[in-house]
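Okay, thanks for coming, everyone. I'd like to walk you through how a few helices pack and where the cysteines end up. Have a look at this with me.

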Amino acid sequence: MDKLKTVLNIANKQTNLGCGLLALLTAGGEQIFSSAVFSCPCNGQNFIYGMVFLLVPALALMLLGYIVNKKTWKLLTGLCQQKAKLCRWKKLRTTVVILFQISTMAMVAPASWIAVALLSGKYYECLRTGTRVYIKYLCNETKSQCKDLQKFPCSSETQARDVLLALRAESQVLGWLLISSIMLSNLLISCLARCASPISYLQLKFWRAYAQEECKLIDSYMEKHAKELAERNLKCFFNQTLPQPIITPSNKDWETVSTLYKFTTKGQYYSTLHRYVEESMECGDGMMRMMSVKSSEAADDNPAVLGFVDDGSIPV
């Protein structure tokens with residue numbers, strides 16, 4: 001487990017590396033899954049069986065991508081309590097943008113699964129032999145007699161082998177088309193996002209490093225502070241003594257720093273926590289104001305290039 005955490009931490013330091021590692025793990029899992037679990041029934045259930053193995057794991061991986069993304073829970077927590085704000089056009093547009101950013105990360109694993117499955121061709125062969133769509137044309141091209149077509153994946157006859165080779169070639173073409181379309185769309189979106197970036201390349205790199213360090217440190221700080229508070233309460237309970245004062249943020253403070261960061265060029269802030277601390281110190285006689293610095297928006301409408309800056313990495 002420690003080695004797995006180390007690998008994931010290294011991957012989280014580079015967004016592209018993290019996506020590549022996730023795609024690689026998905027591809028390896030698909031290969032093991034197809035060889036150890038998948039077995040075409042070679043009956044009337046071929047189409048359903050092949051479609052389930054092709055799409056259901058991809059759906060499960062997509063849902064897992066939403067679950068492990070911290071942005072999902074930052075966006076959803078308390079959303080039902082802000083029904084009036086959610087109806088505003090600006091708030092709704094911001095929510096849609098954030099959901100798009102989350103979805104692009106969540107689609108990495110399922111897209112990798114489908115692409116690798118199409119390249120192997122096993123699922124596609126099984127599901128296509130369970131339907132008669134275009135099969136007559138395929139049989140004419142391979143000069144095969146397509147009787148008992150659903151039994152072809154389990155047969156070693158020459159005519160069955162010719163049909164399966166044609167289906168595998170078709171599956172691999174679809175797989176490469178899917179891979180190339182994903183890479184092309186990713187390149188176009190990245191280029192457009194970089195062109196629309198309001199900050200320079202090096203500052204963007206610094207911002208990402210800061211966000212990763214803050215995300216890593218806040219977990220350790222919360223764990224340490226929670227442990228101190230729990231120990232104090234237990235000592236007071238068992239020893240029947242008065243509690244020592246421990247300062248904890250108020251509910252409004254927690255709400256403020258828990259929101260997704262809304263980028264603005266008016267202040268050079270790198271997170272909601274950074275903005276909270278800087279604006280708090282500016283109040284009064286230079287003393288930190290222990291109250292909420294309320295944000296006008298509960299979510300961010302960052303340019304797409306800033307989407308990866310906020311913490312959306314896999315928690316370990």
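So, helix 7, residues 108–120, and helix 10, residues 158–195: their axes come within 6 Å and cross at roughly 150 degrees. The axes here are lines fitted to C-alpha atoms, for helices over the stretch in contact, with angles running from 0 to 180 degrees between N-to-C directions. And helices, at least four residues of H or I, are DSSP runs numbered from the N terminus. Before I go on: this is a predicted model, so local features need pLDDT of at least 70 and side-chain atom pairs count only at pLDDT 80 or more, while totals for chains, interfaces and linings use all residues. Residues are numbered from 1 along each chain as its sequence is written, and side-chain values use heavy atoms, with hydrogens and water left out.

Back to the pair. Helix 7 and helix 10 are therefore roughly antiparallel to each other; the label needs an angle over 145 degrees. Helix 7 passes helix 10 in a left-handed crossing, meaning the near helix is turned anticlockwise from the far one by less than a right angle, with clockwise being right-handed. On the helix 7 side the touching residues include Ala111, Ile114, Ala115 and Leu118, and on helix 10 they include Arg168, Leu174, Trp176 and Ile182. Contact just means heavy atoms within 4.5 Å. Sorted by class, that contact has 11 nonpolar, four polar and one charged residues. For the classes, Ala, Val, Leu, Ile, Met, Phe, Trp, Tyr, Cys and Pro are nonpolar, Asp, Glu, Lys and Arg are charged, and the others, Gly among them, are polar.

Now swing round to helix 3, residues 46–68. Helix 3 packs against helix 7 at an angle of about 160 degrees, axes 7 Å apart, and the crossing is right-handed. What makes the contact? Phe53, Leu54, Leu55, Pro57, Ala58, Leu61 and Met62 from helix 3, against Ala109, Pro110, Trp113, Ile114 and Ala117 from helix 7. That contact counts 12 nonpolar, no polar and no charged residues. Notice that Ile114 and Ala117 are in the contact with helix 3 and also in the one with helix 10.

On to the cysteines. How many disulfides do we get? Two, if you count a pair of cysteine sulfur atoms within 2.5 Å. One joins Cys40 to Cys126, S to S 2.1 Å. Its torsion about the S-S bond is about 80 degrees, so the disulfide is right-handed. Cys40 sits in the loop between helix 2 and helix 3 and Cys126 in helix 8, so the pair ties together parts 86 residues apart in sequence. Both Cys40 and Cys126 are buried, where buried is under 20% relative accessible area, exposed is over 50% and partly exposed is in between, using a 1.4 Å probe and protein chains only.

The other disulfide joins Cys42 to Cys154, S to S 1.7 Å. Its torsion is about 90 degrees, so this disulfide is right-handed. Cys42 is in the loop between helix 2 and helix 3, and Cys154 in the loop between helix 9 and helix 10, so this pair ties together parts 112 residues apart in sequence. Are these two buried or exposed? Cys42 is buried at 11% relative accessible area, but Cys154 is exposed at 53%.

And Cys191? Its sulfur is 6.5 Å from the closest cysteine sulfur, in Cys195, too far for a bond. Cys191 is partly exposed at 39% relative accessibility.

Key:
Helices (H or I, at least four residues) and strands (E, at least two) are DSSP runs, numbered from the N terminus. Angles under 35 degrees count as roughly parallel, over 145 as roughly antiparallel, 65 to 115 as roughly perpendicular and the rest as oblique.
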